[in-house]
Amino acid sequence: MATPPSSRKSPGRRAAGRSASKTSKGWLKEHFDDQYVQRSWQEGYRSRASYKLLELDDKDRLFRPGMTVIDLGAAPGGWSQVAAEKVGGEGVVIASDILEMDALAGVDFIQGDFTEEAVLETILATLGERPVDLVMSDMAPNMSGMAAIDQPQAMYLVELALDLAGQTLRPGGSFLAKVFQGEGFDEYLKALRGAFTRVVTRKPGASRTRSREVYLLAHGFRG
């Protein structure tokens, strides 16, 4: 039988704790020094992620007034906030996340796991008969730092997002998703190209350079 680990911290554990503390402090400093974080405070956006979407819209013209948009993994609301501004009063933005999200003008928020039948039915009921023009997903799993665990979980989420897009998008509609480069990426890109007429890869300036994240934008849903 293996000897139970001692509850007393070894010097090595204390050193690891100090290292983790230094890492946390370094992350916090980087976060608060980040130009996009500072801009979000100054300009009233809920997160630095808003600037990724603003840049994508500037380049690819994602939004137009009156559109219907679904935002998956929406909390804290940075993307929904941008979408609501862009589609205007005649548009519809339906946001969903497992986490709570403070109310946003022009956004219908549905809390829960959209892969559960009750949550999906609520999303569809909120849509009514409106065809969806854009499904977007900024979802990511809680990262462990172990690629063998994180990458499959991340790919699973974007596969679920694509499945929802397939159920709700109008013919000709668009799909935008954050995807992490690694195992499963090429297969996913192939699936997108089969379902849409045009697929492009984007890396917005607000994405941290070291991150493996890219954004796949697909236009022209084949239906």
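## Exercises on strands, a crossover and a helix pair

Strands S1 and S4 pair in the parallel sense, with four bridges between them. Keep in mind as you work that this is a predicted model.

**Exercise 1. Find the neighbours of S4 and describe how the chain reaches S5.**

Solution.
- Start on the S1 side: Val69 stands opposite Leu134 of S4.
- Now turn to strand S5 (residues 169-180), which runs parallel to S4 and is joined to S4 by five bridges.
- Here Val132 stands opposite Leu169 in S5.
- Follow the chain from S4 through H6 to S5, and you have a β-α-β crossover that is right-handed.
- Finally, check how covered strand S4 (residues 132-137) is: six of its six residues are buried.

**Exercise 2. Decide whether Thr68 is buried or exposed, and list its contacts beyond the close sequence neighbours.**

Solution.
- Locate Thr68 first: this residue belongs to strand S1 (residues 68-72).
- Its relative accessible area is 1%. Buried means under 20%, so Thr68 is buried.
- Next, set aside the neighbours within four places in sequence; Thr68 is then in contact with Val92, Leu127, Arg130, Pro131, Val132, Asp133 and Leu134.

**Exercise 3. Classify the exposure of Phe109 and describe its surroundings.**

Solution.
- Phe109 sits in strand S3 (residues 107-111).
- The relative accessible area of Phe109 is 26%. Partly exposed covers the range between under 20% and over 50%, so Phe109 is partly exposed.
- Without the neighbours within four places in sequence, the contacts of Phe109 are Ala95, Ser96, Asp97, Leu99, Glu100 and Met101.
- For a C-alpha distance, take Ala75: Phe109 and Ala75 are 34 residues apart along the chain, and their C-alpha atoms are separated by 9.5 Å.

**Exercise 4. Work out how H6 and H7 are oriented, and what kinds of residues make their contact.**

Solution.
- Take the axes of helix H6 (residues 147-168) and helix H7 (residues 185-195): they come within 11 Å and cross at roughly 5°.
- Angles under 35 degrees count as roughly parallel, and therefore H6 and H7 are roughly parallel to each other.
- Now collect the residues: H6 brings Met155, Val158, Glu159 and Leu162 to the contact, while H7 brings Phe185, Tyr188, Ala191 and Leu192.
- Sort them by type, and the contact of H6 with H7 holds seven nonpolar residues, no polar ones and one charged.

Note on methods: Residues numbered from 1 in each chain as written. Predicted model: local features only at pLDDT ≥ 70, side-chain atom pairs only at ≥ 80, totals over all residues. Heavy atoms only, no water. Axes fitted to C-alpha atoms, helices over the stretch in contact; angles between N-to-C directions. Helix = DSSP H or I, 4+ residues; strand = E, 2+ residues; numbered from the N terminus. Parallel < 35°, antiparallel > 145°, perpendicular 65-115°, else oblique. Contact = heavy atoms within 4.5 Å. Nonpolar A, V, L, I, M, F, W, Y, C, P; charged D, E, K, R; others polar. Buried < 20%, exposed > 50% of the residue type's maximum accessible area, 1.4 Å probe, protein only. Pairing = 2+ DSSP bridges. Right-handed = clockwise from strand over helix to strand, strands pointing away.
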